[in-house]
Amino acid sequence: MVVPAPRSMLALVKTAPGPGLELREVPRPEIGINDVLIRVRKTGICGTDLHIANWDGWATHTIKPPLVVGHEFVGQIVDVGSNVSDFHPGEIVSGEGHVVCGRCRHCLAGRRHLCANSIGLGIGRDGAFAEYVSLPMTNIWHHWPGIDEDVAAIFDPFGNAVHTALAFPVLGEDVLVTGAGPIGLMATAVVKHAGARFVVVAEPIPYRRALAERMGATIVVDPTERDLKDVQAELGMVEGFDVALEMSGNEAAIRTALANMAHGGSLALLGLPTRETTIDTNEVIIKMLTIRGIYGREMYETWYEMTVMLQSGLDISPVITHRFSFREHEAAFVAAGSPDSGKVIMDWEAGEFS
Ligand code: NAD
Ligand code: ZN
């Protein structure tokens with residue numbers, strides 16, 4: 001049964017510039033004629049949320065408090081605007097966190113992931129770490145029956161992983177994944193599912209290396225201790241990696257990937273370096289590499305791909321290592337910031353006002 005939404009809700013708010021987040025009572029979001037109102041059930045904590053909570057340099061320049069944070073969620077529709085006919089109260093949905101302009105060249109051509117004017121949920125507009133969130137209907141993804149709710153809560157970063165992992169064909173190819181944070185871990189499972197031969201994961205943190213093994217990596221290495229040339233030799237590889245997925249944002253990892261690519265190989269860059277990075281462009285030219293930047297998810301091809309891969313047996317659930325109630329948000333954020341975690345879920349179901 002769908003209960004009518006109350007006027008107030010609890011939300012995790014960046015109330016003023018500076019570190020910290022506050023769980024406080026705020027007005028429930030209003031919806032316009034094209035919007036959908038969702039009762040949030042579960043949310044995932046992303047590195048972006050940690051940046052905002054910690055108030056680092058990026059957050060200082062980007063975030064305008066007061067702001068409800070968070071963008072990874074699953075919930076149930078409770079109300080829709082008068083123009084909305086494809087979504088109905090009671091349905092289980094997630095939201096695409098990039099709200100695009102709809103009017104630029106790329107949006108008009110259906111390439112919405114390339115919109116240069118997109119506004120981030122929980123970044124440029126109030127987000128999902130709340131009992132309710134509202135989004136335009138064009139941002140709603142209807143979950144198909146049978147999708148696990150915890151997994152549905154992290155379709156946003158799962159989508160980052162899928163968008164990157166499927167940027168280049170991987171069937172029969174040897175794939176290097178640098179960085180086994182939540183996204184690298186999910187990408188490991190995806191390329192394995194998509195038919196890669198060897199999937200080598202480089203990650204300095206032991207806890208995450210263990211998770212990478214569970215996600216199906218062929219070999220997991222600490223890049224500070226073992227040269228990837230040595231790993232290639234162990235696997236009998238002679239020409240280098242066909243595909244590399246850079247998921248750490250670490251300059252050393254990008255260099256390692258370039259140095260271990262096969263001629264004609266492809267490198268997808270997802271990890272966001274926190275400062276300018278230098279690469280040896282000779283390596284790119286002489287090996288005739290293709291480098292592609294990946295941002296967000298394709299709307300909605302990536303969402304479709306995630307769904308059908310789950311239906312055909314892909315299991316990303318081991319990436320979820322911690323679960324908390326939203327009332328334990330401080331502990332949840334500590335866990336998400338720890339090296340000994342994968343994905344951290346906050347449960348919003350037992351709320352204050354509904
Ligand atoms: P994360 O920070 O949890 O994971 C990064 C991992 O890289 C860590 O486990 C870290 O130990 C590892 N690492 C550090 N140095 C390394 C090295 N030299 N070699 C190999 N691994 C190394 O982050 P995440 O949530 O999994 O996200 C991955 C990256 O993607 C981050 O940089 C994040 O900012 C970025 N990101 C990009 C997009 C996008 O749309 N492009 C979206 C979300 C996140
Ligand atoms: Zn646009």
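A salt bridge here is a side-chain nitrogen of Lys or Arg within 4 Å of a carboxyl oxygen of Asp or Glu. By that criterion, K42, D150 and R323 are linked in a network of salt bridges. The model is predicted, and a search of the whole structure finds 16 salt bridges.

**Salt-bridge pairs**

Three pairs are set out below, with the N to O distance for each.

| Pair | Distance, N to O |
|---|---|
| R297 and D156 | 3.2 Å |
| D230 and R226 | 2.7 Å |
| R275 and E251 | 3.5 Å |

R297 and D156 form a salt bridge through their side chains. R297 belongs to the loop between β16 and α11 (301-311), while D156 is in helix α5 (residues 155-165), so this contact ties together parts that are 141 residues apart in sequence. R297 and D156 are both buried.

In the second pair, the side chain of D230 meets that of R226. D230 has a relative accessible area of 39% and is therefore partly exposed. R226, with a relative accessible area of 25%, is partly exposed as well.

The third pair joins R275 to E251. It links distant parts of the chain: R275 sits in the loop between β15 and α10, E251 in helix α9, and they are 24 residues apart. Is each partner buried or exposed? R275 is exposed because its relative accessible area is 60%, where the cut-off for exposed is over 50%. E251 is buried because its relative accessible area is 16%, where buried means under 20%.

**Strands β14, β15 and β16**

Helix α9 and the loop that carries R275 also belong to the account of the strands. Strand β14 (residues 241-246) pairs with strand β15 (residues 261-269) in the parallel sense, over five bridges. Within this pairing, F241 stands opposite M261 of β15. Between the two strands the chain passes through helix α9 (residues 251-259), and the resulting β-α-β crossover is right-handed.

β15 also pairs with strand β16 (residues 290-293), in the parallel sense and over four bridges. Which residue of β16 is the bridge partner of S266? The partner is T290. A right-handed β-α-β unit is made here by β15, helix α10 (residues 281-286) and β16.

In a regular strand the side chains alternate between the two faces of the sheet.

Note on methods. Residues are numbered from 1 along each chain as its sequence is written. Chains are lettered from A and ligands numbered from 1 in the order in which they are written. This is a predicted model: local features need pLDDT of at least 70, side-chain atom pairs count only at pLDDT 80 or more; totals for chains, interfaces and linings use all residues. Side-chain values use heavy atoms; hydrogens and water are left out. Two strands pair if DSSP finds at least two bridges between them. A crossover is right-handed if, with the strands pointing away from the viewer, the path from the first strand over the helix to the second runs clockwise. Buried means under 20% relative accessible area, exposed over 50%, partly exposed in between (1.4 Å probe, protein chains only).
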